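Reader: I would love a close look at one small part of this model, and then a walk outwards from there. Could you keep the terms friendly for a first-year student?

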Amino acid sequence: MQQTEFLNVVLPFKDKLYRLAKRLLVSKEEAEDATQEILLKLWSKNSMMEGYSNVEAYAMMMTKNFCLDRLKSKQAGNLKLVHSNYKDENVSLQNQLEVSDSLSWIERIMEELPEQQKMVIQLRDVEQYEFEEIAELLDMSATAVRVTLSRARKTVREKLVQKHNYGIG
Amino acid sequence: MELDNIEKLLEKYFEATATVAEEEILREYFAKEDVPLHLKEYAPMFQYFSMAKDEKFTKKVPLKPRKRSYIKWISVAAVSVLIFGIYFGRSYQEQREAEYAYQETKKALSLLASNLGKGTEKVAYLREFEETKQKIYNKN
């Protein structure tokens, strides 16, 4: 497989890999590095890639494993992930200030979720994967995915309501 | 979309029993401005998910053009041919040397044998002489 051909295969899902990595690693730089690493790994064994029916699922699984390993080694080394991208640069309009504030609040709520819930909610609510796909990716049963997702969504809602009631925003 | 339906979908959403299509309806609904007050608190959640999907991976990935793998195999083959060549070449050389040494030894041995034959001939003369000498002694 040639370079352009490889890029064409990878193009549709490279953003998904990045978003999953960012969800888990939080830091933008870490997530970029992780995504780069995964793409290079894919490239280095791209003769094998043609044998895979679903390259995207394979790549997502690689990303998941890579990030979890990364987090584990960080924890073992007693290092904290350092990141400086709490502020969301996407929404800068004045009248959207309040909205963007609650959006970054949600981002923070998401960061506090356990890893499993983070991944499930990322894959479902952001990437719109089917339960079966998520189940396969995360090596869980479809029912377990459902339960985890419901729990994650309710947690987000709860924290959001709390924040509303305190009127911090 | 009527409010009733949305509320039902929300309930399903939090129980995680809504389908992807139904969740899409919710996202579209909350993307709009005119959301009733009691549902407003859910709006940021759905807006966040839509926004999160827009994030792009912008870093360039330096893909090295891969070396063709058969060059590697050719070099492996060449090296093994060389090693075998040296090994068999040497054993052939040794065999030839051994043959040469054998021939030389054989030559030397046959030379020795012929000289030994000459020696016995001379000894035969000596015996003749001895016999004659005995005859002479016996006569006396």
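Which backbone oxygen does the side chain of A:Thr63 reach, and at what distance?

Author: Happy to help! This is a predicted model, in which local features need pLDDT of at least 70 and side-chain atom pairs count only at pLDDT 80 or more, while totals for chains, interfaces and linings use all residues. Residues are numbered from 1 along each chain as its sequence is written, chains are lettered from A and ligands numbered from 1 in the order in which they are written, and side-chain values use heavy atoms, leaving out hydrogens and water.

Now to your question. The side chain of A:Thr63 reaches the backbone oxygen of A:Ala59, at 2.8 Å. A:Thr63 itself sits in helix α4 of chain A; helices (H or I, at least four residues) and strands (E, at least two) are DSSP runs, numbered from the N terminus. With a relative accessible area of 0%, A:Thr63 is buried, where buried means under 20%, exposed over 50% and partly exposed in between, using a 1.4 Å probe and protein chains only. Setting aside neighbours within four places in sequence, A:Thr63 is in contact with A:Leu17, A:Leu20, A:Ala21 and A:Ile38; contact means heavy atoms within 4.5 Å.

Let us step back to the chain around that residue. Chain A has eight helices and zero strands. Of its 169 residues, 49% count as buried. Among the contacts in chain A with a separation of 6 or more, 69% come from residues 24 or more positions apart.

Helix α4 of chain A also takes part in a salt bridge, that is, a side-chain nitrogen of Lys or Arg within 4 Å of a carboxyl oxygen of Asp or Glu. Side chains of opposite charge can pair when their charged atoms come close. Here the partners are A:Arg70 and A:Glu30, at 3.5 Å from N to O. The pair links distant parts of the chain, with A:Arg70 in helix α4 (residues 55-76) and A:Glu30 in helix α2 (residues 28-44), 40 residues apart. A:Arg70 counts as partly exposed because its relative accessibility is 28%, whereas A:Glu30 is buried at 13%. Over all chains, a search of the whole structure finds 16 salt bridges.

Next comes chain B, where another such pair lies within a single helix. B:Glu24 and B:Arg27 meet in a salt bridge of 3.2 Å, N to O. These two residues are three apart in helix α2 of chain B, so about one helical turn separates them. B:Glu24 is partly exposed at 30% relative accessibility, while B:Arg27 is buried at 6%.

In helix α2 of chain B (residues 20-31) you will also find B:Val20. B:Val20 counts as buried because its relative accessibility is 17%. Not counting residues up to four places away in sequence, B:Val20 touches B:Arg27 along with A:Arg124, A:Gln128, A:Tyr129 and A:Glu130.

Those partners lead us to the meeting of the two chains. In total, 34 residues of chain B are in contact with 46 residues of chain A. The area buried between the chains is about 3,700 Å², with 57% from carbon and sulfur atoms; buried area is the accessible area (1.4 Å probe) that two parts lose on being put together, summed over both. Five salt bridges are found across this interface. A salt bridge also joins the side chains of A:Lys154 and B:Glu15, at 2.9 Å from N to O.

Which parts of chain B make up its side of the interface? The elements giving two or more residues to the side that touches chain A are α1 (3-14), α2 and α3 (43-52) of chain B. The largest share, seven residues, comes from α3 of chain B. Sorted by type, the residues on that side are 17 nonpolar, four polar and 13 charged; Ala, Val, Leu, Ile, Met, Phe, Trp, Tyr, Cys and Pro count as nonpolar, Asp, Glu, Lys and Arg as charged, and the others, Gly among them, as polar.

Notes
A polar contact is a pair of N or O atoms within 3.5 Å; within protein, one must be able to donate a hydrogen and the other to accept it, and residues adjacent in sequence count only if both atoms are side-chain atoms.
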